[in-house]
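Q: Please take a close look at one single part of this complex and describe it in detail. Then place that part in the context of its chain and of the partner chain.

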Amino acid sequence: MALIRFAPQTGFRNPWAEFERIRQELDAFSRTLAGETARPRATVYPPLNIAEDADNLVIKAELPGVRAEDLDISIEGETLTLQGKRAPRHDEENVSYHRREIETGSFSRAITLPTRVDVDKINARLVNGILTITLQKAAEVKPRQISVTTD
Amino acid sequence: MGEKELTVQEKQEVQHKGETTRPEKYFVPAVDIFETDNEVTVVAEMPGVGSKGVDISLQDDVLTIKGSPEPEPESDDRRILLQEYESGNYLRRFTVAETIDQDKIEASMTDGLLKVVLPKAAPARPRKIEVQAG
């Protein structure tokens, strides 16, 4: 179910909001001209894929070479923080490198969750270098069926 | 080292591979290649690929590493809120300069990292050549 916010009627009070809207649409338009997809580009490591269904919010990240014990996930209010490091794996003695493309180092990314979640029911798994965090939505934001009765 | 911040590396799609019959995406995995006196080791980043999804071949000095991620369970009512990376297959080829003992190639998959150890065949190992003064 899509969360659609009502558009605030601030057009008269804040004339700059309209300019901002035009600028954003022009940006989106110039992106289509450049032949780029509408996919947002991550600027902070790791790139994330977030999906939701009726009950859960699923966050995925590709973290090859990161061990589960080097990963730290915390939640505070509606902010989820993902921290960790990728340690070098191979002992580097008497070794000559031909290519070195896999970076090592630390990362930290915080995201604001789009919905409230039940902090006691968070499950995180790291399988084959893919981290999957499953967060159960809080009971009050889950869709509820309302039955209609007739007299 | 260790304290360096990791940066986002956009996945690069494989170029000039020929067309595929299935609509699949192939990405170039990032690799580390290092060499010791006895072996050449290739480490490739292939997140999502299990040990069953890896295909390694060495033919005519061309090493091909290919990985297919395990299919994800699809859910009908799932809605994507943010997609910053794409998943797909991984493919990369290298021309190996050294003579490799093909029977002793070993490969392992841990935490989304593929490690291929290519032992050098005996003649390729460095021999010490004494220079005689005379």
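**The turn between two paired strands of chain B**

A: B:Asp61 counts as exposed because it has 12 C-beta neighbours inside 10 Å, and the limit for that class is 12 or fewer. The description that follows concerns a predicted model. B:Asp61 is placed in the loop between β5 and β6 of chain B. Its phi is near 65 degrees, a positive value in a residue other than glycine.

B:Asp60 belongs to the loop between β5 and β6 of chain B as well. Phi of B:Asp60 is positive, at about 50 degrees, although B:Asp60 is not a glycine. Most residues other than glycine have a negative phi. B:Asp60 is classed as exposed because 6 other C-beta atoms lie within 10 Å.

The strands on either side of this turn form a hairpin, with two residues between them. Strand β5 of chain B covers residues 54-59 and strand β6 of chain B covers residues 62-67; they run antiparallel and are joined by six bridges. Within this pairing, B:Ser57 stands opposite B:Thr64 of β6(B).

From the hairpin, the description can be extended to the interior. The largest nonpolar core has 18 residues, and B:Val31, B:Val42, B:Val43, B:Ala44 and B:Leu114 are those with the most contacts inside it. Strand β6 of chain B is one of the elements that supply at least two residues each to this core, together with β3 (31-35), β4 (39-45) and β10 (113-119) of the same chain. B:Leu114 illustrates these links: neighbours within four places in sequence aside, it is in contact with residues including B:Val54, B:Ile65 and B:Gly67. Of these, B:Val54 lies in the range of β5, residues 54-59, while B:Ile65 and B:Gly67 lie in that of β6, residues 62-67. Other contacts of B:Leu114 under this condition are B:Val43, B:Ala44, B:Met46, B:Ala107 and B:Met109. A second, separate core of 15 residues includes A:Ile50, A:Ala61, A:Val117 and A:Leu135.

Chain B as a whole contains zero helices and 10 strands. Buried residues account for 23% of its 134 residues. Among contacts in chain B with a separation of 6 or more, 56% join residues 24 or more positions apart. The average pLDDT of chain B is 83, and 90% of the residues score at least 70.

Strand β3 of chain B, one of the contributors to the largest core, also pairs across the interface. It runs antiparallel to β5 of chain A, with four bridges between them. In this pairing, A:Ser96 is opposite B:Glu35 of β3(B). The contact between the chains takes 43 residues from chain A and 35 residues from chain B. On the side of chain A that touches chain B, β1 (48-52), β4 (79-86), β5 (96-100) and β6 (105-112) each supply at least two residues. That side divides into 20 nonpolar, 11 polar and 12 charged residues. For the complex, the predictor gives an ipTM of 0.77 and a pTM of 0.73.

Chain A has a backbone feature of its own to note. A cis peptide bond, with omega about -5 degrees, joins A:Tyr45 and A:Pro46. A:Pro46 is placed in the loop between α1 (15-33) and β1 of chain A. Most peptide bonds are trans.

Definitions and conventions. Residues are numbered from 1 along each chain as its sequence is written. Chains are lettered from A and ligands numbered from 1 in the order in which they are written. This is a predicted model: local features need pLDDT of at least 70, side-chain atom pairs count only at pLDDT 80 or more; totals for chains, interfaces and linings use all residues. Two strands pair if DSSP finds at least two bridges between them. A nonpolar core is a set of buried Ala, Val, Leu, Ile, Met, Phe, Trp, Tyr and Cys residues joined through C-beta atoms within 7 Å. A residue is buried if 20 or more other C-beta atoms lie within 10 Å of its own, exposed if 12 or fewer, and partly exposed in between; C-beta atoms are placed from the backbone. Two residues are in contact if their C-beta atoms, placed from the backbone, lie within 7 Å. Ala, Val, Leu, Ile, Met, Phe, Trp, Tyr, Cys and Pro count as nonpolar, Asp, Glu, Lys and Arg as charged, and the others, Gly among them, as polar. pLDDT is the predictor's confidence in each residue, from 0 to 100.
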